[in-house]
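Me: I'd like to learn how to read a few features of a protein model with you. Could we take them one at a time?

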Amino acid sequence: MTGFRKDFIWGTAASSYQIEGAITKGGRGDTVWDMFCREPGLVRDQSDGSIACDHFHRFAEDFALMKDLGIQSYRLSVAWSRIFPTGTGKISSMGLDFYDRLIDALLEKNICPWITLFHWDFPTALYDRGGWLNRASADWFSDYAGVICGRYSDRVANWFTLNEPQCFLGLGHQSGQHAPGLRMTFEKVLQASHHSLLAH
């Protein structure tokens, strides 16, 4: 094969924690990555997501740059705790409105949105209730996914459930290199993996 098919989709991607910033604004709740970054010595230069790329405030500028680059699709992730500040229960209308504006701004630039429902930023409130080790985690995710798909599926046709489970499970729950920084037994890692697969 000498080239790409005509229907090959070119795009770019990011995750909410990597770029959004505004971790205490717009109704967003705490996540395991916020928790992880607060611990001294876990992040080499003490970086965190408090500002990041300030995409929360500058997404219109970012999308203009993407349009200029000829990008046709964008895989974004929704911050679970921006929708459910405590992981379940009360929904933040400010969080839903933010992603409404973001999706509409993409479509205005003729950039197709692809949504990842979970890109590692598990709500701390649910982590405190056992996180992925709790069988209820699959139900928590289902409730969250139902709200997101119900709200945005009129404009979004392409969805991903969990981004790179081998990272948030292997690096986050077994080796401790990523949030939440756990070093669990392989048996426990398999339990968390089972629950995340049920969520998927």
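Reply: Gladly! Keep in mind that this is a predicted model. Let's begin with enclosed space: the structure holds 3 cavities of 30 Å³ or more.

Me: What volume does the largest cavity have, and which residues line it?

Reply: A cavity is a space where a 1.4 Å probe fits but cannot get out. Here the largest cavity has a volume of about 60 Å³. Its lining includes the aromatic residues Phe-118, Trp-120, Phe-122, Tyr-127, Trp-132 and Phe-168, along with Val-32, Gly-131, His-173, Ala-179 and Pro-180. By class, that lining divides into 9 nonpolar, 2 polar and no charged residues.

Me: And open space? How much of it lies in the largest pocket?

Reply: About 240 Å³ lies in the largest pocket. Among the residues lining this pocket are Ser-15, Tyr-17, Gln-18, Trp-33, Cys-37, Asp-48 and His-119. Trp-120 is on the list for the pocket, and Trp-120 also lines the largest cavity.

Me: Which helices each supply at least two residues of the pocket lining, and how does the lining divide by class?

Reply: Helix H1 (16-19) and helix H2 (32-38) each do so. The pocket lining divides into 6 nonpolar, 5 polar and 1 charged.

Me: Let's turn to helix packing. At what angle do the axes of H5 and H7 cross?

Reply: For a helix pair, look at the distance between axes and the crossing angle. The axes of helix H5 (residues 93-108) and helix H7 (residues 137-152) come within 11 Å and cross at roughly 45°. H5 and H7 are therefore oblique to each other. As for handedness, the crossing of H5 and H7 is right-handed.

Me: Which residues make that contact?

Reply: H5 contributes Gly-95, Leu-96, Asp-97, Tyr-99, Asp-100 and Ile-103, while H7 contributes Val-147, Arg-151 and Tyr-152. The contact residues of H5 with H7 divide into 5 nonpolar, 1 polar and 3 charged.

Me: Finally, how do I read the surroundings of a single residue? Where is Arg-75 found, and what does Arg-75 touch?

Reply: Start with the secondary structure, then look for partners far along the chain. Arg-75 is found in strand E2 (residues 73-77). Leaving out residues up to four places away in sequence, Arg-75 touches Thr-12, Ala-13, Ala-14, Trp-114, Thr-116, His-119, Phe-160 and Asn-163. Take Thr-12 as an example: Arg-75 and Thr-12 are 63 residues apart along the chain, and their C-alpha atoms are separated by 6.3 Å. His-119, another partner of Arg-75, also lines the largest pocket.

Conventions. Residues numbered from 1 in each chain as written. Predicted model: local features only at pLDDT ≥ 70, side-chain atom pairs only at ≥ 80, totals over all residues. Heavy atoms only, no water. Axes fitted to C-alpha atoms, helices over the stretch in contact; angles between N-to-C directions. Helix = DSSP H or I, 4+ residues; strand = E, 2+ residues; numbered from the N terminus. Parallel < 35°, antiparallel > 145°, perpendicular 65-115°, else oblique. Left-handed = near helix turned anticlockwise from the far one by under 90°. Contact = heavy atoms within 4.5 Å. Nonpolar A, V, L, I, M, F, W, Y, C, P; charged D, E, K, R; others polar. 1 Å grid on protein atoms, 1.4 Å probe; cavity = no way out; pocket = protein on both sides within 12 Å on 5 of 7 lines; lining within 4 Å. Points joined across faces, edges and corners; volume = space filled by probe spheres on them.
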